[in-house]
Amino acid sequence: DIQLAERVQRVKPSPTMAVTARAAEMRAAGHDIIGLGAGEPDFDTPEHISAAAIEAIRAGQTRYTAVDGTPALKKAIQAKFERDNGLHYEANQILVSSGAKQSLYNLFMALLDEGDEVVIPAPYWVSYPDMALLAGATPVVVEADQSQRFKITPDQLDAAITDRTRIVVLNSPSNPTGSAYSRAEFEALGEVLRRYPDVVIASDDIYEEILWTDEGFANIVMACPDLTERTVVVNGVSKGYAMTGWRIGYAAGPAPVIGAMKKIQSQSTSNASSISQAASVAALDGDQSVIGPMVKAFRERHDYVVERLNAMQGVSCIVGDGTFYAYPNVSGAIAALDGVENDTALAEYLIGEANVALVPGTAFGLPGHMRISYATSMENLEKAMDRLEGVFGRV
Ligand code: PLP
């Protein structure tokens, strides 16, 4: 057998794989499976953005660009931060990458050594713990349950930070819960973070646009400007502009950290796609009114799905602030079903009994729940909710 690196063993295969594989199997066997597992908008990329990419190809923008991004895109990102967040970054404080995922990976690789700790609130996006493990660090998971709207408290944060903590990850609005921290909540977390000056904050803002709170979007640096010098803000065009396949994300933060991330990227992938960068300029600089209708559709579907879920036996779901995910507590349903002992088993059971594919909460570090992506048509959602209700029963 070929010997693989120890690092590969550190990372566990995704717990969503079993469900995805089972769903694919069932589909192949002719079953009409509704997949509510997707982590991406179901909309097409807006026309003017695609047109800018085609124009870039025709204009010969098909070569390597600067590792950290084209001057045009970095300018558009600077303007976006000024316009939407009131944040000012110099060009050397910005790095364009192949998706926000690579931005985060670069950040973890740039900051983490063996034995370092990364504080990760759960439920979390599946990649944070494994990225920490790949970098040789230890994930420190802080659980925030449904009763606290899946948001960690300042006391929990305080208790999780040790002298090994290098990074605290904050993701708002959150995948998988749809919850967003308010500005006041960020201020309270900021008070704790101020006491630990060596800790770097990773603010994952990828769902910024998909939000419907009255207060509007905030992140840790908008709430606590004094933390700017040790916060790296990660964002991208994937979710808000329906551009997941284009692979453009970006990071903004202290120049030395961004410089280190750029060095890592220069020895792994170099620049993100020149064509996708041109498209992203059009996304960030162009007509922002393309976002509204998508958010409106997500919100309508959210309202529908949450209402239907709460009418099912053993299921309870809080109202979300944004994203395109609901994270219902299904512990009552698990208890009521013979032979289904946890959320992973429930996911398998639902594929078979309801022909609906969902991701179990265990994948996100908080069992007893399921993640439902409502980035699909209302027709699909109606069918899926009818089927789930058929299994769980009505309240
Ligand atoms: N962060 C979170 C919370 C996400 O849900 C995702 C995508 O699923 C990403 C980052 C990565 O996004 P990108 O497609 O830009 O790599």
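# Briefing: a two-domain chain and its shared core

The largest nonpolar core of this predicted model comprises 117 residues, and those with the most contacts inside it are V169, I201, A202, A251, A326 and L358. Because domain 1 (6–44 + 291–392) and domain 2 (48–286) both give residues to this core, it lies between them. In soluble globular proteins, nonpolar side chains tend to be buried together. The points below take up the domains, a covered strand, the ligand shell and some backbone features.

**Domains and their contact**

- The domain assignment divides the chain into domain 1, which is made of the two segments 6–44 and 291–392, and domain 2, which spans 48–286; the C-alpha centres of domain 1 and domain 2 are 26 Å apart.
- To the contact between them, domain 1 brings 30 residues and domain 2 brings 31 residues.
- On the side of domain 1 that touches domain 2, at least two residues each come from helix 1 (6–10), helix 12 (291–310) and strand 9 (325–326), and helix 12 gives the most, with 5 residues.
- Sorted by class, that side of domain 1 holds 15 nonpolar, 8 polar and 7 charged residues.
- A326, one of the core residues with the most contacts, is in contact with G178, H302, V305, V306, L309, C317, G320, I372 and Y374 when its neighbours within four places in sequence are left aside.

**Strand 2 and its partner**

- Strand 2 (residues 94–97) is covered on both faces, with I94 and V96 buried on one side and L95 and S97 buried on the other.
- In a regular strand the side chains alternate between the two faces of the sheet.
- Strand 2 and strand 8 run antiparallel and are joined by 4 bridges, and within this pairing I94 stands opposite A252 in strand 8.

**The ligand shell**

- Around the ligand there are 13 residues, of which G99, A100, K101, N175 and S238 come nearest.
- The shell divides by class into 8 polar, 3 nonpolar and 2 charged residues.
- N175, one of the residues that come nearest to the ligand, also precedes a cis peptide bond, the one that leads from N175 to P176.

**Backbone features in loops**

- Most residues other than glycine have a negative phi, and most peptide bonds are trans.
- The peptide bond from N175 to P176 is cis, with omega near 25°, and P176 lies in the loop between strand 5 (165–171) and helix 8 (183–193).
- A second cis peptide bond runs from A122 to P123, with omega near 5°, and P123 is found in the loop that links strand 3 (117–122) and helix 6 (127–134).
- F150, a residue other than glycine, has a positive phi near 60°; F150 sits in the loop between strand 4 (138–143) and helix 7 (154–160).
- F150 counts as buried because 24 other C-beta atoms lie within 10 Å, where the cut-off is 20 or more.
- R247 is likewise not a glycine and has a positive phi of about 60°, and R247 is placed in the loop between strand 7 (231–236) and strand 8 (249–252).
- R247 is buried as well, because 20 other C-beta atoms lie within 10 Å.

Methods
Residues numbered from 1 in each chain as written. Predicted model: local features only at pLDDT ≥ 70, side-chain atom pairs only at ≥ 80, totals over all residues. Near = placed C-beta within 6 Å. Nonpolar A, V, L, I, M, F, W, Y, C, P; charged D, E, K, R; others polar. Buried ≥ 20, exposed ≤ 12 C-beta atoms within 10 Å, placed from the backbone. Domains from an automatic or database assignment. Contact = placed C-beta atoms within 7 Å. Core = buried A, V, L, I, M, F, W, Y, C linked by C-beta atoms within 7 Å. Pairing = 2+ DSSP bridges.
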